[in-house]
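Please open the model in the viewer and display it as a cartoon. The tour below proceeds by selection, with a short account of what is found at each stop.

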Amino acid sequence: MEEKTTKTPKKCSNCRHHVTYYEKCAACFYRLKVGFCYKKRSVTENRETCEKWERKIPAAEKTLHVKASETVLKNMASHLAMIAQILSEDAEEEREEQKNR
């Protein structure tokens with residue numbers, strides 16, 4: 001019998017337990033050829049294969065990214081609100097100083 005080929009090659013980069021490392025450059029992130037395997041608990045190359053390979057679940061990964069984005073955006077919004085308040089208070093103080101002169 002012939003072995004069926006899958007659409008997704010069973011490389012570590014396509015495994016749900018593998019997280020690829022990225023390096024921060026000046027203006028972008030550069031994808032490295034290595035990552036971390038949570039099943040093996042070791043650093044692996046993206047093209048490696050193993051018996052613990054499992055297909056990624058795109059919907060779960062997307063949900064995780066959406067939740068992380070929401071958290072980051074909420075934190076950024078609160079920080080921006082604090083900065084806006086500080087700047088408006090400084091502007092009011094400057095206006096009062098200008099009037100008192």
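Two strands are said to pair if DSSP finds at least two bridges between them. The model on the screen is a predicted one.

**The sheet**

Begin by selecting residues 18-24, which are strand S1, and residues 42-45, which are strand S3. Add residues 29-37, which make up strand S2. Together the three strands form an open sheet in the order S1-S2-S3, with antiparallel pairing. S1 and S3 are the edge strands, each of them pairing on one side only. On average, neighbouring strands of this sheet are turned by 45° against each other, direction being ignored.

**From S1 to S2**

Keep S1 and S2 in view. How many bridges join these two strands? Six bridges link S1 and S2, and the sense is antiparallel. Three pairs may be selected in turn to follow the two strands:

- His18, which stands opposite Cys37 in S2.
- Thr20, which has Gly35 of S2 opposite.
- Lys24, whose bridge partner in S2 is Phe29.

Next, select the connection between the two strands: a hairpin leads from S1 to S2 through four residues.

While the side chains are displayed, a general point may be kept in mind. In a regular strand the side chains alternate between the two faces of the sheet.

**From S2 to S3**

Now move to the other side of S2. S2 and S3 run antiparallel and are joined by four bridges. Select Val34 to see one of the facing positions: Glu45 in S3 stands opposite Val34. These two strands also form a hairpin, with four residues between them. In that turn, select Arg41, which has a positive phi of about 55°.

**The aromatic pair**

Select Phe36 and Tyr38 and display their rings. A pair of aromatic rings is described by the distance of the centres and the angle of the planes. For Phe36 and Tyr38, the centres are 5.1 Å apart and the planes stand at 80°, an edge-to-face pair. A search of the whole structure finds one aromatic pair. Are these rings buried, partly exposed or exposed? Phe36 counts as partly exposed because its relative accessible area is 21%. Tyr38 is likewise partly exposed, at 49% relative accessibility.

**The salt bridges**

Side chains of opposite charge can pair when their charged atoms come close. Across the whole structure, three salt bridges are found.

Start with Glu54 and Arg16, whose closest N and O atoms are 3.3 Å apart in a salt bridge. Glu54 belongs to the loop between S3 and H1, while Arg16 is in the segment before S1, so this pair ties together parts that are 38 residues apart in sequence. Both residues are partly exposed: Glu54 has 31% relative accessibility, and Arg16 has a relative accessible area of 42%.

Then select Lys40 and Glu48. Their salt bridge has its closest N and O atoms 3.8 Å apart. Lys40 is partly exposed at 34% relative accessibility, and Glu48 is partly exposed with a relative accessible area of 30%.

The remaining stop among the salt bridges is Arg47 with Glu45, where the closest N and O atoms are 2.8 Å apart. Arg47 counts as exposed because its relative accessible area is 62%, whereas Glu45 is partly exposed at 32% relative accessibility. Glu45 has been met before on this tour, as the residue of S3 opposite Val34.

**The helix and its nonpolar patch**

Finally, select residues 58-100, which are helix H1. Within this helix, highlight Leu73. Is Leu73 buried or exposed? Exposed means over 50% relative accessible area. Leu73 has 55% relative accessibility and therefore counts as exposed. Add Val72 and Met76 to the selection and show the surface: with Leu73, they make a nonpolar surface patch of about 290 Å².

Technical notes:
Residues are numbered from 1 along each chain as its sequence is written. This is a predicted model: local features need pLDDT of at least 70, side-chain atom pairs count only at pLDDT 80 or more; totals for chains, interfaces and linings use all residues. Side-chain values use heavy atoms; hydrogens and water are left out. Patches are made of residues with over 30% relative accessible area and no salt bridge: like charges are joined within 9 Å, nonpolar side chains (Val, Leu, Ile, Met, Phe, Trp, Tyr) within 5 Å. Accessible areas come from the Shrake-Rupley method with a 1.4 Å probe; for residues, only the protein chains shown count as cover. A salt bridge is a side-chain nitrogen of Lys or Arg within 4 Å of a carboxyl oxygen of Asp or Glu. Buried means under 20% relative accessible area, exposed over 50%, partly exposed in between (1.4 Å probe, protein chains only). Axes are lines fitted to C-alpha atoms, for helices over the stretch in contact, and angles run from 0 to 180 degrees between N-to-C directions. Rings of Phe, Tyr and Trp (its six-membered ring) pair if their centres lie within 6.5 Å; planes under 30 degrees apart count as stacked, over 60 as edge-to-face and the rest as tilted.
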